[in-house]
Amino acid sequence: RHGPAGILLMPGAGTGSWSRHRRGARPLPAGARIAFLGHSFVGRGGFCTLSGGNPQYIASSNLRGDFAWLRLWDARFNLDMWANAAKPDLGSVTDGYLDGAYQGLSGCHLIDNGGLSGTIARTSRLLSLNPDIVVVDVGVNDINSSISDSATLIARMETQIALLLDAGKRVVWITPTDRGVGASGGLWPGGDGRRTWLRDAIDWLKSQDGRGGGRFRVCDISNLGFNADGAGGFNAALFGADQIHPNPRGGRMKAGALLPVLQAMVQPGATYDPDPAAGNLWPAYSLKGTAGTRSGASITGTVATGYIVAANTGTTGVACSKETIDANYDRQVLTFTPVNDGTANRIHVNHVRAADINLATAGVAAGQWLEAFVHVELNAWAGWLGFNFVFEVYNGGTFIAQHSGGLNNPDAAIDSLPLESGGFAGWIPLTRFQAPTYGSPTIIRLSTRPIQFQTDKTAAGTGIAKISRPILRKVTSPITAWS
């Protein structure tokens, strides 16, 4: 249920290319490191901002990006990303201080342009992180603003491909997308020659599929609604209001096309241990008992011991109940009934809270790395707007930093979560994160909003969510594997 249904190998990776890949490049072991190198389509999948030179807000699972979906669907890939306040080459970008799998720079080209380092110039540093596979998502900005023919773009693509293949890397290039039809706002008018140049470059990319003994693959999305001259044309529903950047629906479509290409490169397996009993620091992780409490008149029913179900925004009704998994673990069930009240927008927010974790008591020193997971089930319902898994670190009552993941929907005000027709069921992981080495942290605050549901107050029907087996444990630094 938790993977994309009906996804086939993309056009451009035909029988010949597929055969070359199968013969020439054996699948890597599970845990292969995958880096995403590109422009805003990568950059909008996460962010890290600084305060006083230190990481403050870190988000690693914005659903506009491909890697957030891949992390949900398949645990075989190492998609770790972490805050790096010293990350170079960001130019004027102030929210790109993520490293590891995240190598996006909004506005960038293949070459340096407009004060931003291009992907070619950033490749040397990327290679120092030793990714096994590099997913490249770049090219449309070059066509849009800095060249006037396809040959120039193809030459830049050739340079980028050669740099990565010569370094022994496996490479997947996602074909560049089009822009909406228009005469302003960065759009391209009908009949604009840039679409012809772009199509020439896409056709050239597809001709390279299987190159390097099968180490170079092309993920062709040009017939999935991202390009006006592709089958079915340009699908505006896959893009945000600017008709340039994919929204979470577009992010899911891209990731669904990319998934089988990457699965063919990496053997099945898991990069994390889903056993809740293994080193778990999360309090009351069994969700047993019925002595939990409710906060807000709209919350009713039975809550697991050690937890609070709370209304944060709006008066949507939440009926709480319990289900038994086995002798060791229960599920907390939440049934949401929307109430179209007078709140400012359609988003209603409810939290599931637990007890704060004292870092000293838990044996978590400053600089210790942590990982977190929770199992979530969501029924098929149009009212789901987002599910956020949030860890906040404090010094007493003073906020230091926040790390969030989950089903983060930056477009919740206008778009529902683009889940499968059957809803969602699976583990929601948070990439490894570090107890800050600054600000003298004392607690991880779980008493505010570690588990957060966003729902649509105008939706018909009811949403049913089930959460179980939350995990927080100490781990080694992800940076060790990426070096």
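## Exercises on strands, a helix and salt bridges

In the pairing of strand 3 with strand 20, A59 stands opposite S404, a residue of strand 20. This is a predicted model, in which local features need pLDDT of at least 70 and side-chain atom pairs count only at pLDDT 80 or more, whereas totals for chains, interfaces and linings use all residues. Residues are numbered from 1 along each chain as its sequence is written, and side-chain values use heavy atoms, with hydrogens and water left out.

### Exercise 1

Work out in which sense strand 3 pairs with strand 2 and with strand 20.

**Solution.** Helices (H or I, at least four residues) and strands (E, at least two) are DSSP runs numbered from the N terminus, and two strands pair if DSSP finds at least two bridges between them.
- Strand 2 (residues 47–51) and strand 3 (residues 54–59) run antiparallel and are joined by five bridges, and within this part of the model T49 stands opposite Y57 of strand 3.
- The hairpin of these strands has two residues between them, and G52 takes a positive phi near 60 degrees there.
- With strand 20 (residues 398–407), strand 3 pairs in the parallel sense, over three bridges.

### Exercise 2

Identify the buried residues of helix 4, and establish how they lie around its axis.

**Solution.** The term buried means under 20% relative accessible area, with exposed standing for over 50% and partly exposed for values in between (1.4 Å probe, protein chains only).
- In helix 4 (residues 119–128), the buried residues include T119, R122, T123 and L126.
- These residues are on the same side of helix 4, because they cover an arc of only 130 degrees around the axis, the arc being that of the directions from the helix axis to the C-beta atoms.
- An α-helix has 3.6 residues a turn, so residues three or four places apart point the same way.
- The cover over the buried residues of helix 4 includes strand 1 (32–38), strand 7 (102–104), strand 8 (133–137) and helix 6 (150–166).
- Just after helix 4, N130 takes a positive phi of about 60 degrees.

### Exercise 3

Describe the surroundings of V134, and state whether this residue is buried or exposed.

**Solution.** V134 has its place in strand 8, and at 0% relative accessibility it counts as buried.
- Leaving out residues up to four places away in sequence, V134 touches A35, L37, L126, L164, R170, V171 and V172, where contact means heavy atoms within 4.5 Å.
- One of these partners, V171, is 37 residues from V134 in sequence, while the C-alpha atoms of the two are 4.9 Å apart in space.

### Exercise 4

Explain why C48 and C219 form no disulfide.

**Solution.** A disulfide is a covalent bond between the sulfur atoms of two cysteines, and here the criterion is a pair of cysteine sulfur atoms within 2.5 Å.
- A search of the whole structure finds zero disulfides.
- For C48, the closest cysteine sulfur is that of C108, which at 18 Å is too far for a bond.
- The sulfur of C219 likewise has its closest cysteine sulfur in C108, 18 Å away and too far for a bond.
- C48 counts as buried, at 0% relative accessibility, and C219 is buried with a relative accessible area of 0%.

### Exercise 5

Contrast the settings of S440 and R469, giving the phi of S440 and of R469.

**Solution.** S440 is not a glycine, yet it has a positive phi of about 50 degrees, and for R469, which is not a glycine either, phi is positive and about 50 degrees.
- S440 lies in the loop between strand 21 (424–434) and strand 22 (443–445), and at 51% relative accessibility S440 counts as exposed.
- R469 has its place in strand 24 (residues 463–475), and at 17% relative accessibility R469 counts as buried.

### Exercise 6

Place the salt bridge of D132 with R33 and that of R195 with D178 in the chain.

**Solution.** A salt bridge is a side-chain nitrogen of Lys or Arg within 4 Å of a carboxyl oxygen of Asp or Glu, and the structure holds 23 of them.
- In the pair D132 and R33, the closest N and O atoms are 3.3 Å apart; this pair links distant parts of the chain, 99 residues apart, with D132 in the loop between helix 4 and strand 8 and R33 in strand 1.
- The side chains of R195 and D178 meet at 2.8 Å, N to O; R195 lies in helix 7 (residues 193–207) and D178 in the loop between strand 9 (170–174) and helix 7, so this salt bridge ties together parts that are 17 residues apart in sequence.
- R33 counts as buried at 14% relative accessibility, and both R195 and D178 are buried.
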